[in-house]
Amino acid sequence: MTIEVIKPGLLSSVQDQGRSGYYHLGIPPSGAMDQQSFRAANLLLGNEETAAVLECALMGPELRFGEDAHIAVTGAAMTPKLDGVDQPLNTVVAVQAGQTLSFGFATAGARAYLAIAGGIDVPERLGSRSTYALGALGGLAGRKLEAGDVLAIGTARPDSQAGRELPADMRMPLAKEHVLRMVPGLYDYRVTPASMATFLAETWAVGSEADRIGYRLKGGTPLEFVDREPPFGAGDDPSNIVDACYPIGSIQVPSGQEPIVLHRDAVSGGGYMMIGTVISADMDLIGQMPPNTKVRFEAVTLDDALAARSERARRLDAIRAL
């Protein structure tokens, strides 16, 4: 089975759970920005939960189906339409051969996940079908979708049933304001305690530059740094450090001006200090934040982060049990 791309949308790409084990070589994990929504779409259809899907940012693609299929769209409020007729989100929908699937603009959230029964069949690269566009790796020719592309679809399992629905309490929140929990460090000692307190108390806004590499935040007070003599190998800017590894979710503040939260296509290291790391359980939320979303940071302990990760795992287990 194949699907023809008539219009590619804004930033539509093939994604799955991502690739692991190569970050030390400079190859990031990539994969769906909102892993909960991505996995839920597959599970609704009876796919393997890590089957490749389309991640559609802000404005979805227009696709023509060559054969009958079942689909599910989760994540952002980006209404799917079959031949111009609205279809439900978070529900398995039957598509007939020759029909055209299109989308409205996202009215809440940032990324919709289109899963197709059988999964998108592109070659695995380093154990994943995910697109890493900066490295031209994975997905469809290592890039976002383009008009005229043809997507191959795998064989569907028999348990993909039209009408199956994801309960409301198992969907990703699509609010206009979020609190992101962060574990302080590794370089928060470079910031004065009063400035760090201000950073945590203020509300920031997601900038238009937010993408799969990192989310830039604006509108807060610049950081104040502790005076120092720059160590050998670090730059003169007070936010510079001797090059270090970056975990996904780490919060950089170049020159102390605008925080950047690194996400799934981020570089693996560099010379900017990190004042903290957003906990893994809150990274899916970031993937659903469009520009101008309000954000506040909350400092938590490592034990809090581990408890939140366990709670997220329980949510995913509940979706698997549907």
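In this report a residue is called buried under 20% relative accessible area, exposed over 50% and partly exposed in between, with a 1.4 Å probe and protein chains only. The structure is a predicted model, in which local features need pLDDT of at least 70 and side-chain atom pairs count only at pLDDT 80 or more, whereas totals for chains, interfaces and linings use all residues. Residues are numbered from 1 along each chain as its sequence is written, and side-chain values rest on heavy atoms, with hydrogens and water left out.

## Overall form

The protein chain contains 4 helices and 20 strands, where helices (H or I, at least four residues) and strands (E, at least two) are DSSP runs numbered from the N terminus. Its radius of gyration, taken over C-alpha atoms, is 20 Å, which agrees with the value near 20 Å that a compact globule of 322 residues would have; the globule rule used here is 2.2 Å times the number of residues to the power 0.38. Along the principal axes, the C-alpha trace of the protein chain spans about 65 × 35 × 30 Å.

Of the 322 residues, 51% count as buried. The accessible surface of the protein chain comes to about 13900 Å², and carbon and sulfur atoms contribute 53% of that surface; these areas come from the Shrake-Rupley method with a 1.4 Å probe, and for residues only the protein chains shown count as cover. Among contacts (heavy atoms within 4.5 Å) with a separation of 6 or more, 74% are made by residues 24 or more positions apart. The mean positions of the 28 positive and 38 negative charges lie 2 Å apart, with Lys and Arg counted as positive, Asp and Glu as negative, and His and the chain ends not counted. The place of each charge is taken as NZ of Lys, CZ of Arg, CG of Asp or CD of Glu.

## Helix α1

Helix α1 (residues 35-45) is largely enclosed by the rest of the structure, because 11 of its 11 residues are buried. These buried residues include Arg-39 and Asn-42 as well as Phe-38, Leu-43, Leu-44 and Leu-45. The cover over the buried residues of α1 includes strands β2 (11-15), β3 (53-57), β5 (69-75) and β10 (111-116), together with helices α3 (283-287) and α4 (302-320).

## Aromatic pairs

A search of the whole structure finds 3 aromatic pairs; rings of Phe, Tyr and Trp (its six-membered ring) pair if their centres lie within 6.5 Å, and planes under 30 degrees apart count as stacked, over 60 as edge-to-face and the rest as tilted. The rings of Tyr-187 and Tyr-189 form a tilted pair, because their planes stand at 40°, with the ring centres 6.2 Å apart. Tyr-187 is buried, with a relative accessible area of 17%, whereas Tyr-189 is exposed at 56%.

The rings of Phe-199 and Phe-297 have their centres 5.1 Å apart and their planes at 15°, so this pair is stacked. The pair links distant parts of the chain, as Phe-199 belongs to helix α2 (residues 193-201) and Phe-297 to strand β20 (residues 294-299), 98 residues apart. Both Phe-199 and Phe-297 are buried, and ring pairs join them with Trp-204 into a cluster.

## Backbone features and individual sites

A cis peptide bond, with omega about 5°, joins Gly-185 and Leu-186, and Leu-186 is found in the loop between β12 (177-184) and α2. Two residues that are not glycines have a positive phi, namely Asn-90 and Ser-255, and they are set out below.

| Residue | Phi | Loop | Relative accessible area |
|---|---|---|---|
| Asn-90 | about 55° | between β7 (85-86) and β8 (93-95) | 8%, buried |
| Ser-255 | about 60° | between β16 (250-252) and β17 (260-262) | 34%, partly exposed |

Thr-100 lies in strand β9 (residues 100-103) and is buried, with a relative accessible area of 15%. Leaving aside neighbours within four places in sequence, the contacts of Thr-100 are with Ile-6, Glu-62, Leu-63, Arg-64, Lys-81, Leu-82 and Asp-83.

Gly-60 is placed in the loop between β3 and β4 (62-65), and at 10% relative accessibility Gly-60 counts as buried. Not counting residues up to four places away in sequence, Gly-60 touches Gly-9, Met-78 and Phe-103. Gly-60 and Arg-111 are 51 residues apart in sequence, while their C-alpha atoms are 8.8 Å apart in space.
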